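Student: I am new to this structure and would like a close look at one part of it. Please start from a single place and work outward from there.

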Amino acid sequence: MRLLAFSDVHHNLMAVRKLRAQEENSFDAIVVAGDIGSNSAPDFFKILSTFKCPILYVYGNWDHELTYKSSFGRNCHLIHSNMVQIGKLSFTGFSGCPTNWGMNPIYGKLHRQIEADNADVIAALKNDIPSISKTRRTKAYQKYIAQRQLAKSEALRLNRQGVSNAMREAGTDPQKCIIITHERLSRLSQELPGTLLHIFGHIHKYSDHTFKGTRYIDVAALDRPRPDVGNYATIEIDSRLEVEAKCIPLAQ
Ligand SMILES: [Mn+2]
C-alpha cells in the first residue's frame with residue numbers, strides 16, 4: 001500500500017501541479033488533510049483525479065464554504081465519520097475544525113439550536129441598531145456569546161465521538177486504521193489506542209513522530225515550502241510504515 005499525503009494547499013494550485021508532474025501514477029490512495037481553499041476545490045480535484053486511485057479528503061477552515069454533499073468525481077471521497085476501505089486498511093476521520101467549522105453538519109445542528117434559543121437577542125441585534133450597545137450589555141447577550149463559544153469545542157467532542165462510533169460499528173482493528181483530520185487530534189492514545197497512523201495538517205510544518213504505537217504525520221507545508229523539510233509525504237504501509245517526505249521547489 002502506497003499513499004501520497006499532503007495538506008494546506010490554500011489555493012496554491014501551482015504547487016499541486018508541480019507535485020503531480022513530479023510523481024508517477026504509483027499510489028493506492030491520495031490523502032488530503034484539508035485547507036484546499038473553497039473556490040479552488042473543483043480545479044484541485046481535477047488535477048488529482050489524473051492519478052488513477054481514490055482520493056480521500058477532509059475539509060479544513062479554508063474550506064468553510066464547501067458543502068458536505070459536493071461531489072468532485074467518483075474517485076473522490078469526503079471523510080466525515082465514515083469508513084473507507086482500501087485493501088486491508090480502513091480510513092476514517094472528520095471534516096472541519098474548531099477554527100471554522102464551516103458547514104460541518106454536527107456544528108450546523110448546534111448552531112441552529114443556539115439561534116433558536118436566542119431568537120430575541122438576535123432580533124434585537126438585527127432590528128435595534130441605535131441601542132445595539134445596550135443589547136450587548138445584557139445578560140441574555142452574554143449567554144448567547146458564551147453558547148456560541150462553547151459550541152466550537154462541543155462540535156469537536158461530537159466529531160471525535162463520531163469517529164470512535166464509526167470504528168466501533170465497523171469493527172475496525174485500530175492497527176489497520178488511518179485517521180485523517182485537519183487539526184491534530186490530541187489524546188488519541190486514550191480514545192483510540194493502537195491506531196496505526198494519524199495524518200493531519202493545519203500547523204504549517206512537516207513533522208513525523210510516534211507516540212504509544214501511533215505514527216503522527218503533519219503534512220501541512222505545501223503552501224510554505226522550505227528546502228530543508230518535506231512538504232508532502234509518500235507513505236509505504238506494509239508490515240512497517242515507511243515515510244518518505246518530499247519537497248516541491250517552488251522557485252522558478
Ligand atoms: Mn487550517
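Tutor: Start with Ser-40, which is in contact with His-11 and Leu-13 once its neighbours within four places in sequence are left aside. The model is a predicted one, and what follows should be read as a description of that model. Ser-40 sits in the loop between β2 (29-32) and α2 (41-48). Is Ser-40 buried or exposed? Ser-40 counts as buried because its relative accessibility is 9%, and the limit for buried is under 20%.

Take the contact partner His-11 next. His-11 belongs to the loop between β1 and α1. Its relative accessibility is 36%, so His-11 counts as partly exposed; the partly exposed range runs between the 20% and 50% limits. The backbone of His-11 has a positive phi of about 70 degrees, although the residue is not a glycine.

The loop between β1 and α1 also holds Asp-8. Asp-8 is not a glycine either, and has a positive phi of about 55 degrees. At 0% relative accessibility, Asp-8 counts as buried, whereas His-11 counts as partly exposed at 36%.

The elements on either side of these loops bring us to the nonpolar interior. The largest nonpolar core has 29 residues. Phe-6, Ile-30, Val-32, Phe-44, Phe-45, Leu-48 and Leu-222 are the residues with the most contacts inside this core. At least two core residues come from each of β1 (2-6), α1 (13-22), β2, α2, β3 (55-57) and β4 (76-78). Which element gives the most to this core? The answer is α2, with five residues. In soluble globular proteins, nonpolar side chains tend to be buried together.

Leu-48 gives a view of this core from one residue. Leaving out residues up to four places away in sequence, Leu-48 touches Phe-6, Val-16, Ile-30, Val-32 and Ile-55. Apart from this core lies another, of 24 residues, including Ala-5, Ala-33, Val-219 and Leu-241.

Now turn to the metal. Which protein residues act as donors of the manganese ion? They are Asp-35 through OD, Asn-61 through OD1, His-182 through NE2 and His-202 through ND1. These donors lie 2.2 to 2.3 Å from the manganese ion. Along the chain, their spacing follows D-x25-N-x120-H-x19-H. The two histidines link distant parts of the chain: His-182 is in the loop between β7 (177-180) and α7 (188-191), and His-202 is in the loop between β8 (197-200) and β9 (206-211), 20 residues apart. His-182 and His-202 are both buried.

Strand β6 (residues 89-93) offers another buried position, Thr-92. With a relative accessible area of 0%, Thr-92 counts as buried. Several parts of the chain meet at Thr-92. Leaving aside neighbours within four places in sequence, its contacts are Ile-79, Ser-81, Asn-82, Met-83, Val-163, Ala-166, Met-167, Cys-177, Ile-178, Ile-179 and Ile-180. Thr-92 and Glu-169 are 77 residues apart along the chain, and their C-alpha atoms are separated by 12 Å.

Further along the chain is Asn-231, in the loop between β10 (214-219) and β11 (232-237). Asn-231 has a relative accessible area of 1%, so it counts as buried. From C-alpha to C-alpha, Asn-231 and Ile-203 are 12 Å apart in space, with their positions 28 residues apart in sequence.

Last come the open and closed spaces. The largest pocket has a volume of about 170 Å³. Its lining is made of Met-1, Lys-88, Leu-89, Gln-175, Lys-176, Leu-196, Ile-237, Asp-238, Ser-239, Arg-240 and Leu-241. By class, this lining has five nonpolar, two polar and four charged residues.

How many cavities of 30 Å³ or more does the structure hold? There is one, and the largest cavity encloses about 30 Å³. Tyr-59, Gly-60, Asp-63, His-64, Leu-66, Tyr-68, Gly-96, Asn-100, Trp-101, Gly-102 and Met-103 line the largest cavity. The cavity lining divides into five nonpolar, five polar and one charged residues.

Technical notes:
Residues numbered from 1 in each chain as written. Predicted model: local features only at pLDDT ≥ 70, side-chain atom pairs only at ≥ 80, totals over all residues. Heavy atoms only, no water. Donors = N, O, S within 2.8 Å, 3.2 Å for Na, K, Ca; no water. Helix = DSSP H or I, 4+ residues; strand = E, 2+ residues; numbered from the N terminus. Buried < 20%, exposed > 50% of the residue type's maximum accessible area, 1.4 Å probe, protein only. Contact = heavy atoms within 4.5 Å. Core = buried A, V, L, I, M, F, W, Y, C linked by side-chain atoms within 4.5 Å. 1 Å grid on protein atoms, 1.4 Å probe; cavity = no way out; pocket = protein on both sides within 12 Å on 5 of 7 lines; lining within 4 Å. Points joined across faces, edges and corners; volume = space filled by probe spheres on them. Nonpolar A, V, L, I, M, F, W, Y, C, P; charged D, E, K, R; others polar.
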